[in-house]
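Hi,

Here is the structure I promised to pass on to you. Have a look at it first, and then read my notes underneath.

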Amino acid sequence: MSRHIVCLTFDFDTMSGFIARGMTTPTPLSRGEFGVIGARRILTLLRSRGIHATWFVPGFTIETYPHECEAVVDGGHEIAHHSWAHVPPSSQTPEEEEADLVRANETIRRLTGRKARGYRSPSWDLSPHTLRLLLAHDFLYDSSLMGGDYSPYRVRLGDEAVLGQPYRFGVETELIEMPISWSLDDYPHFEFVRTTQSVLPGLQSARAVMQNWLDEFRYMKKTIDFGILTYTMHPFVIGRGYRMLAFEDFLAKLIDEGATFTTMEDAARSAAAQLPARR
Ligand SMILES: [Zn+2]
């Protein structure tokens, strides 16, 4: 029997990403603050559809907005790891990275009663140590890599990329990768970000983006019998009114197409049960 799973994921960053980038003047901070309003709208929508999603929540957000994060837990959603301070691991020493990982996990344990099973790196930039740390801290899955789309796969350790030499593949591990893509992330499509070095134009039509996302599901359905598709959103981005309307219609169409909605943890377990033994 065919099964096409959709994982809706929400990175509940609030102000953490702006603070991590040094953008601490009032307007960027308030832009992150809007995520709380967006989160309430998303929770209401998911409840009305009976959908359980996965929320990647930095420790910063859990400690800044404890009641809002309890509401996420009360909605039956999974809380997954998204660092404490939203600093990309690639810019941390191994010691800093592990300390942040442990601190955030402790925050999640206090909120939910257990440690996170899944991890997504801030800004999708892992350090050379992250995957080893996730294995050492008993994570089930990561969701920061782009080496697939509909089929989760085993994370490898020890890959070697040397200029002028063929790529050397490392060994497969028990850690399951739930692959992601910038094209299935609301942020680059919608957010206008101007810095001294660059401009991210964003501000695309919400309906056009949702049509692309729906076609992604349809292609999965057309080409494979069992697949898992992950969409990434941010409450301060998708939570704007016209985007919420488009998102609501997109969800209705996914339901019509026969999508099964689960948390990432459940999807990762389903995927792991189907994967061949480690090579
Ligand atoms: Zn984030």
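Below are notes on the whole chain, followed by a closer look at one histidine.

Please keep in mind that this is a predicted model. The chain folds into eleven helices and eleven strands. Its radius of gyration is 18 Å, and because a compact globule of 279 residues would come out near 19 Å, the two values agree. The C-alpha trace spans about 45 × 45 × 45 Å along its principal axes.

As for how the chain packs, 49% of its 279 residues count as buried. Among contacts with a separation of 6 or more, 72% are between residues 24 or more positions apart. The chain exposes about 13,200 Å², with carbon and sulfur atoms supplying 53% of that area. There are 29 positive and 35 negative charges, and the mean positions of the two groups are 3 Å apart.

Now to the histidine, His82. You will find His82 in the loop between strand S3 (78-81) and helix H5 (94-112). Is His82 buried or exposed? His82 is buried, because its relative accessible area is 1%, under the 20% cut-off.

Which side chain does the side chain of His82 meet in a polar contact of 3.1 Å? The partner is Asp13. A polar atom of the His82 side chain also lies 2.8 Å from the backbone oxygen of Arg120. Setting aside neighbours within four places in sequence, His82 is in contact with Asp11, Asp13, Phe56, Val57, Pro58, Arg120, Ser121 and Pro122.

Happy browsing, and best wishes!

Conventions
Residues are numbered from 1 along each chain as its sequence is written. This is a predicted model: local features need pLDDT of at least 70, side-chain atom pairs count only at pLDDT 80 or more; totals for chains, interfaces and linings use all residues. Side-chain values use heavy atoms; hydrogens and water are left out. Helices (H or I, at least four residues) and strands (E, at least two) are DSSP runs, numbered from the N terminus. The radius of gyration is taken over C-alpha atoms; the globule rule is 2.2 Å times the number of residues to the power 0.38. Buried means under 20% relative accessible area, exposed over 50%, partly exposed in between (1.4 Å probe, protein chains only). Contact means heavy atoms within 4.5 Å. Accessible areas come from the Shrake-Rupley method with a 1.4 Å probe; for residues, only the protein chains shown count as cover. Lys and Arg count as positive and Asp and Glu as negative; His and the chain ends are not counted. The place of a charge is taken as NZ of Lys, CZ of Arg, CG of Asp or CD of Glu. A polar contact is a pair of N or O atoms within 3.5 Å; within protein, one must be able to donate a hydrogen and the other to accept it, and residues adjacent in sequence count only if both atoms are side-chain atoms.
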